[in-house]
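User: I've just opened this one and don't know my way around yet. Could you walk me through it?

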Amino acid sequence: MARNQEKAQSMLYRFREAQAAELGLGTRGDRRPRMASACKSLRECERWRGELLREISRKVAKIQDPGLSDYELRDLNDEINKLMREKRHWENQIVALGGANYRRNVAMLDDDGREVPGTKGYKYFGRAKELPGVRELFEGKKKEEEEDNQALAYYSKFMDQVPSYYGDVDEADAALLEFEREVEDEAWEEAASNLRAALGLPDDAPISRPPPTAPPDGGGADDETMPDADSDAAKTLRHARLAATNIPFLSPTMLLPPKLPSPSEIEGVLLALRKQALVEEYFGAESQQV
């Protein structure tokens, strides 16, 4: 017993003990538990998480060594991923014990706002990204992102368009309505000439054109809610009523252009939803701590 006490007081023994603690080995009675859920002390969970972070940092620095073979790189990358999974277990246990939530972080994004490949699931560190098969995987992801960017650039001109782009306010344009009437007259004359040719009638044979049917009174809208006669809304409503006379199963209100929300209104709705989500998350975290 005295001999063991002398060994424990020696300089070499204390140096080896400090070195083992730095490497994360520790003594037999001071080893990291295999199950994070078995540790019920928040301070111990923080300690073991810090130890895992140091081990991961050392192995990530080691995997940059150009002298490692492909087999050593794969084994070392597997060890780092294993430590990352174990670190997540300890972080979950810290949250369960009422500690800080270290997993509340955002996704890793590049300068263009795209998610960096290899940041979810199994990760590749350092020179492991240059292994055969892994390089092709990252190049394939990069090619897919370039194709997605090209498609997005092509369809971006069709995004965030105003209602006039979809023709929802065409009925309020007097010049456009005049042009449509001229086109209708030309189409009627062409149809009349074709009809004369089919019936064998002379070119000057009169063919009566039915007048447009007057819209019914009321037209599906109350007189109290009728807009001013000279306003764009009144003109749009009149044209909707006129179109409804030719489509009996649709009401004028169904033919009115839809009222689209403005970008500011959309931003307000999204902001309100985000605030509500943050409030629910905050009170949910407080209830867990209680």
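User: Let's start with helix α6: how many residues does it have, and what does it reach from its first C-alpha to its last?

Analyst: Keep in mind that this is a predicted model. Helix α6 covers residues 174–199, which is 26 residues. At 1.5 Å a residue, the expected reach is 38 Å, and the helix comes close to that. From first C-alpha to last, α6 reaches 37 Å.

User: Which residues of α6 are buried, and what follows the helix?

Analyst: Buried here takes a relative accessible area under 20%. In α6, the buried residues are Leu177, Ala192 and Arg196. Right after the helix, with a positive phi near 75°, sits glycine 200.

User: Stepping back, how many helices and strands does the protein chain have?

Analyst: Reading along the sequence, you get the pattern α-α-α-α-α-α-α-α-α. That fits the overall count for the protein chain: zero strands and nine helices.

User: What share of the protein chain is buried?

Analyst: The protein chain exposes about 22,100 Å², with carbon and sulfur atoms supplying 55% of that. Out of its 290 residues, the buried share is 17%.

User: Which helix gives the largest share of the largest nonpolar core?

Analyst: That core has 19 residues, and Ile63, Ile80 and Trp90 touch the most other members. Both α3 (42–62) and α4 (70–96) supply at least two residues of this core. The largest share is seven residues, and they come from α4.

User: What does α4 reach from its first C-alpha to its last?

Analyst: α4 has 27 residues, and glycine 98, with a positive phi near 90°, follows the helix. The expected reach at 1.5 Å a residue is 39 Å, and α4 is close to it. From end to end, C-alpha to C-alpha, the helix reaches 39 Å.

User: Which cysteines is tryptophan 90 in contact with, leaving aside neighbours within four places in sequence?

Analyst: Tryptophan 90 has contacts with Arg32, Pro33, Met35, Ala36, Trp48 and Leu52, among others. Its list of contacts also includes two cysteines, Cys39 and Cys45.

User: Why is there no disulfide between cysteine 39 and cysteine 45?

Analyst: A disulfide is a covalent bond between the sulfur atoms of two cysteines. The cut-off for counting one is a pair of sulfur atoms within 2.5 Å. Both residues are buried, cysteine 39 at 9% relative accessibility and cysteine 45 at 0%. Still, the sulfur of cysteine 45 is the closest one to that of cysteine 39 and is too far for a bond, because the distance is 3.7 Å.

User: How many disulfides does the structure hold, then?

Analyst: Cysteine 45 is in no disulfide, as its nearest cysteine sulfur belongs to cysteine 39, 3.7 Å away. For the whole structure, the count is zero.

User: How far apart in space are glycine 126 and asparagine 77?

Analyst: Glycine 126 is in the loop between α4 and α5 (134–155), and is partly exposed at 26% relative accessible area. Not counting residues up to four places away in sequence, glycine 126 touches Ile63 and Gln64. In sequence, glycine 126 and asparagine 77 are 49 residues apart; in space, C-alpha to C-alpha, the distance is 8.8 Å.

User: What kind of aromatic pair do tyrosine 122 and tyrosine 124 make?

Analyst: The count comes to one aromatic pair. Tyrosine 122 is partly exposed at 35% relative accessibility, and tyrosine 124 is partly exposed at 22%. Their ring centres are 5.1 Å apart and their planes sit at 70°, so the pair is edge-to-face.

Methods. Residues are numbered from 1 along each chain as its sequence is written. This is a predicted model: local features need pLDDT of at least 70, side-chain atom pairs count only at pLDDT 80 or more; totals for chains, interfaces and linings use all residues. Side-chain values use heavy atoms; hydrogens and water are left out. Helices (H or I, at least four residues) and strands (E, at least two) are DSSP runs, numbered from the N terminus. The expected span of a helix is 1.5 Å times one less than its number of residues. Buried means under 20% relative accessible area, exposed over 50%, partly exposed in between (1.4 Å probe, protein chains only). A nonpolar core is a set of buried Ala, Val, Leu, Ile, Met, Phe, Trp, Tyr and Cys residues joined through side-chain atoms within 4.5 Å. Contact means heavy atoms within 4.5 Å. Accessible areas come from the Shrake-Rupley method with a 1.4 Å probe; for residues, only the protein chains shown count as cover. Rings of Phe, Tyr and Trp (its six-membered ring) pair if their centres lie within 6.5 Å; planes under 30 degrees apart count as stacked, over 60 as edge-to-face and the rest as tilted.
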